[in-house]
Structures are given as structure tokens and as C-alpha cells.
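I opened the notebook to record what lies around the ligands and how the cysteines are placed. My entries follow in the order in which I looked things up.

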2 protein chains.
Amino acid sequence: MQFHHHGYVSGDPRVQPAAGTGIDRPAELPDTVDVLIVGTGPAGMIAAAQLSQFPGITTRIIERREGRLVIGQADGIQARSVETFQAFGFAGRITEEAYRITEMAFWKPDPAAPSNIVRTARPIDDPTGISEFPHLIVNQARVLDYFAEVMANSPTRMTPDYGWELVGLDLTDDAEHPVHARVVRIADGGSAATGGGEERTIRARYLLGADGARSRVREAIGCTLDGTQANHAWGVMDVLAVTDFPDIRTKCAIQSEAGSILLIPREGGHLFRMYVDLGEVREGHEAAVRATTIEQIIVKANEILHPYTLDVKDVAWHSVYEVGHRITERFDDVPPEQRDRRTPRVFIAGDACHTHSAKAGQGMNVSMQDGWNIAWKLGHVLEGRAPASLLATYNAERRVIAQDLIDFDREWSNLMAARPEELADPTELEDFYVRTAEFPAGFLTRYAPSLIVADTRHQEIATGFPIGRRFRSAPVVRVCDGNPVHLGHHARADGRWRIYVFAPADRAPLERLAGWLADDPASPLAATPPGLDRDHWFDVKVVHPQPHTEIDLPAEPAVFLPRSGPFQLIDYEKVYAADPRDDIFAARGIHRDGAIVVVRPDQYVSAVLPLDATDELAAFFAPLTGAPVD
Amino acid sequence: MQFHHHGYVSGDPRVQPAAGTGIDRPAELPDTVDVLIVGTGPAGMIAAAQLSQFPGITTRIIERREGRLVIGQADGIQARSVETFQAFGFAGRITEEAYRITEMAFWKPDPAAPSNIVRTARPIDDPTGISEFPHLIVNQARVLDYFAEVMANSPTRMTPDYGWELVGLDLTDDAEHPVHARVVRIADGGSAATGGGEERTIRARYLLGADGARSRVREAIGCTLDGTQANHAWGVMDVLAVTDFPDIRTKCAIQSEAGSILLIPREGGHLFRMYVDLGEVREGHEAAVRATTIEQIIVKANEILHPYTLDVKDVAWHSVYEVGHRITERFDDVPPEQRDRRTPRVFIAGDACHTHSAKAGQGMNVSMQDGWNIAWKLGHVLEGRAPASLLATYNAERRVIAQDLIDFDREWSNLMAARPEELADPTELEDFYVRTAEFPAGFLTRYAPSLIVADTRHQEIATGFPIGRRFRSAPVVRVCDGNPVHLGHHARADGRWRIYVFAPADRAPLERLAGWLADDPASPLAATPPGLDRDHWFDVKVVHPQPHTEIDLPAEPAVFLPRSGPFQLIDYEKVYAADPRDDIFAARGIHRDGAIVVVRPDQYVSAVLPLDATDELAAFFAPLTGAPVD
Ligand SMILES: Cc1cc2nc3c(=O)[nH]c(=O)nc-3n(C[C@H](O)[C@H](O)[C@H](O)COP(=O)(O)OP(=O)(O)OC[C@H]3O[C@@H](n4cnc5c(N)ncnc54)[C@H](O)[C@@H]3O)c2cc1C
Ligand SMILES: Cc1cc2nc3c(=O)[nH]c(=O)nc-3n(C[C@H](O)[C@H](O)[C@H](O)COP(=O)(O)OP(=O)(O)OC[C@H]3O[C@@H](n4cnc5c(N)ncnc54)[C@H](O)[C@@H]3O)c2cc1C
């Protein structure tokens, strides 16, 4: 954690000094904003948390509910999301309070006595060690709390505007603030329909609809959620109980003659969630299914668990969660035929774009990646760091991911809902689970080449950093203090591009590149406006192949020891060395001649280039920063 | 982290439900209290944080200052202290924001050009891997903030009473509340002497003077700080600066022809502290030394660092820290001749008992161990879990440690202050540093046999848990969920005794012990008063030698699966298995026939016993709990 560089900070260093729009932030919703976010679910909250780091931008996030989410909803946190939380500064804290999945148990009817269940497999959760972060279970409400804390501690001092409902939306020809959002102040538990306050219009440059599966924003931009499959219903309960079921603290897929259960142990050591299969919801039977009582769910759970019993002592939450696999045709307000003519002004994210079953534990995770993807892009466009065309990449990138996810979810849900005798192979379910581990962990996202993702021409010089996929961290040693650290964990959700220079043993090419980065007019750093520190838009780091004791810090090129803040202090946390116990060059397949790895503000790898490919580096950033290309 | 077992908790699980004296805690200082703590330094705050966990006890902590400490004072946090923070629940968070020491650099005059300094050694900080916790540097103010948070989140909802000065103290024959403390409400920056409010008397059962080096409590109980050595003065400054000194982010001992510096990099990446040697303070020269200005300190620092320069941009804090090695004759109000006749009522802790130089970075750390030691004992005596004679062990245990520390500190300070040519061997300083690493890390404390420390008769069956020393954690696997965890990290500062049962492969002796623990009237657990959960006073855990997948959880003896709370839910976090990657039985020298390891509430090992030594176990606890011994 870096702080104090503007002078001594007493108190919690997580609280950043107020700046820009945070200095006099009005408590009331203003009439005009840069970005209006609708909905404080995971998609909206991460977007708000990201935008809260841009002091020059006015962002407000409205929510129909009167206050924070209290209970229920999603709880599965993929390793990719924990990695994301690291960038927002709360991975450690949320991990401490979460349940951690290390294994998954599979239970089936006992062949000898099919009315009893027996454990058939217990594969470990992340056999390939795909991330240094864990797979967690924690209430969605806590995830939202942490994002709220990030916003409150940010320079812009953001807090959600609770008790406001969006009732309608118009795209006008107002040049500055074309999006006119009609909102109504509503009383607790009510809605605009059951009588709210007077309608107000908030004029926004951009609007993000993160307003869930029944999104009004989606409707307003003329999209629908489409899906081929019928809805499947699950009785969900978060309970405290006494049981003799041995795996009550292990994630389990239980298939018995009486039906199936997905068991998710929860944070705190006692609570657990059960998804009890209530079957397909046939048309006309919705009301009956939705009326399933908690008592019925508990009876069904006991039947499935036979010969074990479940004595439920306290019900924290229960619901009938009924969901199909659905996706909308686009994630912004620009129909295909207009893509060449205009850039989007309204976006939708999360459940507003795609819904899936709870089985794969994807909803909250994918929604957060949606929200992060659009938020930094909005920040860059609004700050003039990038052209508005950057915003079109949101729909292009995220819709593909949503489609992949729905395909995966359909296969997994069908397998889980299948009766054992319907499976081709008795181990089909656990095989699928192990085979596809990377997918549900959130790491299979691979963005296609675009304005912000280069081609794979030089991929072979850094095979462990696949272009378009998330930058996978690895251990290194920080030279200034000899601390063993994880290279990627230093990257904060601060909207900066990252340029990692993996150095060769020979210093000449490194010095040439460093000189070019620092001084050449075609260097991306040259686009940083005067008055801002040179590291404000670009975070440039170097990793040396030698042990850290062989690096002479004062002899490092200046671009790796940038000066910042009112005192122009040297930032020493940009110079790293390979850790001899786990060499990053070997672990990530980096060529001994070195490599430049360009990483997006949302942690995806944009480009891999040789050290002398300064022209290509300039050409990559030129369309973004408007820098000259020769 | 365990929670939810009393029902679902929304919000931060670190906030415990209010209970006992926390339910209607008065904002004003009450007239009578169980424990009055004077001073909110590290000694007082840890004691308050520990006592805040006892809902039945009324503790108040008063402080002369108007509010929290803002800046300055100690900053070195030994691994032992971080281990302690783990028990209080904030090790992870404070580590995130702290500077971490991994190496120490030694600089000396360059033999070729003695007016220049050169680096001569760079030993690593914890070569023996004595703790899994790091050695940190962080402002004392933040340590106190975290303890304040623990108190505020505790069942008793404690907050310090700022702006109260203790002016005097009387030990009366009031049967219930013999300690009468005279306190005065004071205005900001003022003191009782310069005009405070009216004097009030607070009547307390016990009083802890954690009121620093000029302790009035010490005076009131007739003690003095004695020391043989003259005071040594250091110019201390916390600054932001631009420098070409290569090791500015590494802890350094710098000895040059112009004098010596101890350089301590600070949290946040930019701030650092320098202790610049101002020499011995001869009698009559105190005023002159104390008048040393920050400009003079900076000039001196530049002379010492030659050929490097230091351009100080911002001074966060500076002071002339002048300290001798002093210790008081006893740590409580009972003179030696009265020890047989009465138990103590007034205690002193921390700097009130001992002062030492900043060089060894001990002040805050030792003070916290003092405070923790007395606090749990007070909790136990006040709750009727132990006889008042327990309180006499505080003086017996802690005074020895203070004396050891002062001896160590004297040697280290002399070495650091010595001019290079005065040293017998040029590497004497770094050799001493490496050789004694365990001491400054806080791990050499070894309490002698007493009411709460058994003899070492059976030490050989668990050689890695030396009796009287802190319980050294090791990795294990939690059986219920397959999570790799650290056995010791589960132990919270909740005042409980811990009984770790290391099981043999053979189940019979384990079952016998478990049955005895659960049901025998001589078992320490039998002392738990009716109405309290069986695990309320004693936390009993088992560690199996087999891999966790071979343990059948429902077949575990009931004492290892205790039920608690209003729903009598099963606690699954008491059953562990050796981690095959790092077998705790091998790592801690545990005999394959098993061992019982009894650990005190402050993490020190009390006893090591064979599984069948139930008589000895009963005999150990009988004097504490008043249980029958046969
Ligand atoms: C009741 C419920 C139960 C669920 N249970 C599970 C589960 O068991 N397992 C699982 O994996 N996933 C579950 N989910 C889905 C999971 O919570 C979502 O995938 C995830 O929250 C998606 O995040 P989001 O930000 O896109 O939308 P949401 O989290 O749905 O957030 C949308 C927010 O927008 C607000 N909003 C909506 N319309 C307006 C408006 N017009 N004006 C202002 N505010 C508005 C809503 O109040 C809500 O806070 C559940 C969802 C719900 C609603
Ligand atoms: C100014 C200063 C600078 C220091 N600098 C360093 C350093 O650079 N490096 C280092 O290692 N150590 C330093 N120390 C020492 C280190 O802070 C102590 O070793 C450590 O704080 C001891 O903790 P303690 O709780 O025993 O006492 P303290 O932290 O001294 O706390 C005592 C508290 O009691 C309060 N108090 C005193 N008398 C009364 C009264 N009559 N009524 C009410 N409240 C009272 C005081 O205001 C204070 O808050 C410094 C101490 C001081 C005071």
C-alpha cells in the first residue's frame, strides 16, 4: 500500500484524501452528472467503485431499495473475482471472513442400497493452481459493503443514492448530457408504481443500467432477454442446522433417488446454503412452484439426504430461485446498423444482460467483470485519455463472454439436474467439474483483438501472458527493500495502463527502451498532459532476471524511478527482480531477450512486444492517446 | 472467523453482538469499576482490548490526551507482536499497511576513503524462519487504532475515556473496591496542574498503571525506575525526502566517521525514520541536547551519509528521544515481605516499569506483552475462573523479561554507538544482530514453572512446544472442509485455555482421553459453570496424524465437536489433520503416541503431557479452577 507521498497521513491509509468532485460532493442527487448508474448490485457497485477513483468525474449510483442489501442472493466468489478485489484493496479482508472452497464432494445413491446416498468422489477445487487466490463463498451483501467502503474512501467520497427508482429514460439531442433519466424518490418497501415522490430528470453524459434481470434500462434501449430453455426452479435456503451429514462443511453435489441438492457451506463456520431442485417450471405452473414453502423445502432436503437427517434450527433466508438461461442481443444502445455512425451512450451490465442458474455460481462474478470493463472505459473517455470509440469495445467484449457462460451453465445445470441413471458415465458430473475448472474460476475470458487488444504476433516471447487473457501474477522480489511480493498485486484499480518491462541480462536494450519511453514524443507517456505526474496515466515497471542484490537501484533508468506528488518523491516500488525460488521468467515463459507486456486497467493483457518494438508500442497507443505515429 | 451461530449476522462479522456490561454502557466514567486502566499506550490498549472480551467485567481506560495518538513514538513491530495481533483479529490488515523488514543493511566507512560510507553486509532479518509472521514497521498510532477497533467491536463496546488525568491513588480498606483513583477532567493540551475540572474518585477493584515512563501509578505504589547507565540521546525524525542513498527503503545501521544513524523505512513507501546519534547526555547538559533543532539533525544526517545526500522535503515528526536503560523493582503494589500475606491490587506495565533505547525496537512490543499478561489474569480472577493468587504471577513473569531485555538492549546500543575502530571485530555488529535474532523478534521469553506453567518432565514428547515459551503454530488441515490452515491462528484472544490433543494413530487412548475430558468430574471442563457452553472456558482441539480424508468426522468423540449457542450447533473447527506437505508431528517433534499440549490464553505453553496423564492434567488445573484432585 502506498501513501504519505503528499505528506503524512495519520489514521487509516485506506482513506484517500478527498479531491475533485469529492471536495464538495452534494448530498442530494444533482441535476446533471457525467455518469448515472442504476442499481447497486455487483455490476453497478464495481462500476461505481472504479469511477470513484477518477476525481474529475461526477458519478452517481441510484438504487430503488432504501439501504444496503441485507441478506440472500448470490454467494459464490471465483478466484478471478478475489483477484479483482485485490485491485480494489479488500481481497485480504474478505478472504478472512469468507468460506474457502478447497474440495468438492459428490454424493450418489449407494449401489448396494439405492435409497441411501454415499460419497463417490472428492476432487480438489483448483487442481491446476490457476490462481494464487482462493475460491470463496460469502454473502453478496458483504461484497457490496466492501465496494461501498472503497467508494466512500475514494477521492470522490461516493455513496449510493438509495431510495431512487429509475422510471424511464430518453436519449435526447442535448449535446453535453444526452441521456435524460426520469427518477422518482420512493419510500421504503414501495415503488414508483405504488406511489413515490415527484418525478425528476437527471441529465447524464452516460448511463449504465445495472438494474438486474428485470432491467428497465434494457427495455428503454429496445433489448430483450432471450432464451431457448424453460426456467428451472430451486428452493434456496440459508440455514443453521444440526445434522449428521458428514460433509456439511464441504461444497457438495448430491444426487439421490429423491432429487438433487447443491450444498454450499457459508462463511462463519455454521451457516450453509442448500439449493434443492424443484424441477422445470412448465408454463402455467409458475405460481404453484413459487408458492413452495420453507417447510416443503426442508422436507425435500431430508428426503434427498437419506439416511442422514437435517434438523433446521434457524432460517436466515429462503427463496424460490427460478431462472432460465437468457441473454440480450446487445449490451448498449447502438443497434448493429448504427455502429459505424455513433458511439454508445447507454450500457447495460450484469443480470440486465444475461441470467443463468445459481449452479455454476457465475451471476455475481460475471456481472462484476461487466461493470469493471465498462467503468474504466467511461473514465478514460470522460477524462480525454481515449476516444469515444473505446466504448464500443464493451459490447463487443462482454457479449461473447456472456454467451460462452450461458452455454457452459446449460451443460452444467443439465448434468446436475440429471438423475444418475440418465448419465452416460457415472463419473460424468465430476469429470466435467474437474475438466472445466478454469471456466467457473473465471479465467477463460479471452478478448479478441481490438483497439485495446493487440494481435498475437509476438506471443512466443511471453507465453505465460496470453494476449486478451487476464495478467496472471507471479512472485518477484522488490529491489528497494528485498520484499518477496506478487507482481500483479501491486496493480490497483486506479485506471492506469501498466507496462511491464521484463529485462534481459544485457542492459543496452533496456536502457534504449527506457530512454525512448521517457523522452520520445511517440512514447505513450508523452501523451500525459502537462501538470500531471509522468506516472499518472501509465504505471511502468521493470523486472530484472538477476537476484535483487545484484541490482544497483540508483543506476536504474529514470522511467522506472518516477517522481510524483508535491515533493516529487521517488517511487521505489517499480523495480523488481526475479525471485530465485520461483523465477517469473521461467514460470511465465519469458524470453531471455526480454519482453514488454502491456496490461489494461482491468488486468487483461493487451500486448506482448520485444524490447525494440517501440514503433509497435507507439502504434498500439496512438489511436487511444491521439499521439503521432510515424 | 466464526460467527452466525447465534443466528444470521448481516454486516461486518468483526462486530460482535453487545453483551453484559456492553448493553447499557454509560458514556460517562462510572464511580465504580472492576478494572481501571490508566494510559492508552500499547500496554494499556492491549489490556483494555483483552478485558473488553469479558462481558461481565466493567473496565474503563482513561487517558490524559484529548483523543487518539496522531503521530510519532515507536514503530517497530516484532513478529511476536504480529502473532499477538492475529489473536486480536487484525494481523492481516496491519500487515497490509505496514513496512516489512526482510533484510538489514550495514554501512561502514570505506577503508579506501574513510569519509565515504559503503555497504558491508546485508543479512536477512529472520534467517531461522522463527515465525510465519513478518517483522513490521508501522506507526504506534495505527496499532492503537486497531486495538480501539477491537474494543469498540467487542461485546462490551469499550471506548477509551480521553481527557482524564489520574492525579493520585489510594489503596483503602474498602472491601469490594479498595483502589481509589483520583482523576481530573482536563482540557485539550492542558493538564491537571495547569487547571483541570473538579477532582473525582473512581473506585476500582484493580488498577493497571500503563501510564508511561513518568508513571504516577508507579510513584503511588512506591517504586522507582532505576538504571546504572547515563541517558543516550537520539535525534529522531520521520521525513519525506529525496536522496541518492541506495538503501533508503531498507533498514540500515550506518556507522560513519561523522557518527551513526539507524534508518527505518516506514509504511506507505515514502516516509522513513532516522535516529541520528546525539551521544551520551552528561549531567547538566540535558537542556542543550533537548534543544537540538530539526535543521541540526538534518545537517548531521547529511554528514553521516556522505557521499550521499538527503534533501528533506517534509518533516512529519521529530523529537529528541533521550532514554536510559531503567527498570523498577516490582510490577505491582506488593512489597516482597508481604507476598505471602496478600495479592496485588495495583499493577504497572510497559514504560512505567522499564525503559530502553529505540535501537532494539522493543518498547511497544514488550509493553504489549506486559499488558496482555496481566489482562487475561484479571479477567479470570474477576470471573471466578481462578484464585486471586494468579495475579502474583504477573510480577514474577514479566519482571524477569524486562531485565533480560534491558541487558540485551544495553549491549546492542553500545555496539551501535561504538565507532568502527572501537569494535574488536569489524563484523561484530552484524554478527550480534544475526546471532540474537530470536531475541528482538520477541521469542526468547520463557516463563518459569508456576501456578500456570508446569514442569518439563514430559517435554520430550513434544520437543517443538517448549514449556513456558509461546506456542509456535504450524500448518494443519481442517478436517470438515479440507482447508489448509495454521493451527495457532484459530486461537483468539478470548480468554480461553487451549488444550491441543495430538492424537496417536491408535484410537483407543484418544477415546479414553476424550471420554475423561467430557465426563470425568476431575476434568478441567467440569469446572465450567452450568449454563455456560462446555467450550466457554476451554477450547479443546484434536490433531490427527492421518491425512484429513481418512478422518470420519461424525465418528469423532463429542468433546471435539462441542455444541454451543442458543441452537446448540456443532462447532466443526476443532478437528484437524496433519498436512502431508508439512507434517506438524515431524515439525514440532511430537511423539507418535500423541501428546496433550496445554496453552495459556496469552499463547504460552503451560504443559506437555502424555495422553494417559489425566491425573496430572487434573492436578495442573485443580488449583486454578478449584476442582477436586484425588
Ligand atoms: C432475489 C434474488 C435471489 C438470487 N439468488 C441467487 C442465488 O441464490 N445464487 C446466485 O448465484 N445468484 C442469485 N441471484 C442472482 C445474483 O444475485 C445476480 O446474478 C447478481 O446480483 C447480478 O448482479 P447485478 O448487479 O447485475 O444485478 P442485481 O444484483 O440484481 O442488482 C440490481 C439492482 O438494481 C436495483 N434496481 C432494479 N431496478 C431498478 C430501478 N428501476 N431503479 C433503481 N434501482 C433498480 C435493484 O434493487 C438491485 O439492487 C439472485 C438474485 C435475486 C434478485
Ligand atoms: C514522545 C515519545 C517518543 C517516543 N519515541 C520512540 C521511538 O522513537 N522509538 C521507540 O521504540 N519508542 C519510542 N517511544 C517509546 C514507546 O512509545 C514506548 O516504549 C511505548 O509506547 C510504551 O508503551 P506504554 O503503553 O507503556 O506507554 P506510553 O505509550 O508512553 O503510554 C502512556 C500513556 O499514558 C498517558 N498518561 C500518562 N500519565 C497519565 C495520567 N496521569 N493520567 C492519564 N493518562 C496518563 C500518556 O498520555 C500516554 O498516552 C517514545 C515514547 C514517547 C512518549
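Entry one, ligand 1. I looked for polar contacts (pairs of N or O atoms within 3.5 Å; within protein, one must be able to donate a hydrogen and the other to accept it, and residues adjacent in sequence count only if both atoms are side-chain atoms), and I noted that an oxygen atom of ligand 1 is 2.9 Å from a polar backbone atom of A43(A). A nitrogen atom of ligand 1 lies 3.1 Å from a polar backbone atom of R64(A), while an N or O atom in the side chain of Q140(A) is 2.9 Å from an oxygen atom of the ligand. On its own ligand 1 has 960 Å² of accessible area (Shrake-Rupley method, 1.4 Å probe; for residues, only the protein chains shown count as cover), and the protein covers 87% of that 960 Å².

I wrote down how the entries are framed: this is a predicted model, in which local features need pLDDT of at least 70 and side-chain atom pairs count only at pLDDT 80 or more, whereas totals for chains, interfaces and linings use all residues. Residues are numbered from 1 along each chain as its sequence is written, chains are lettered from A and ligands numbered from 1 in the order in which they are written, and side-chain values use heavy atoms, with hydrogens and water left out.

Entry two, the shell of ligand 1. I found 29 residues around ligand 1 (each with a heavy atom within 4 Å of it), and the closest are E63(A), Q140(A), L166(A), Y275(A) and D351(A).

Entry three, ligand 2. Here a polar side-chain atom of E63(B) lies 2.5 Å from an oxygen atom of ligand 2, and an N or O atom in the side chain of R65(B) is 3.1 Å from an oxygen atom of the ligand. I also noted that a polar backbone atom of L166(B) is 2.9 Å from a nitrogen atom of ligand 2. The protein covers 87% of the 960 Å² of accessible area that ligand 2 has on its own.

Entry four, cysteines. How many disulfides does a search of the whole structure find? I found zero over all chains, a disulfide being a pair of cysteine sulfur atoms within 2.5 Å. For C353(A), the nearest cysteine sulfur, that of C223(A), is 8.5 Å away. Because the sulfur of C353(B) is 8.5 Å from the closest cysteine sulfur, in C223(B), that pair is too far apart for a bond. I recorded C353(B) as buried, at a relative accessible area of 0% (buried means under 20%, exposed over 50%, partly exposed in between, with a 1.4 Å probe and protein chains only).
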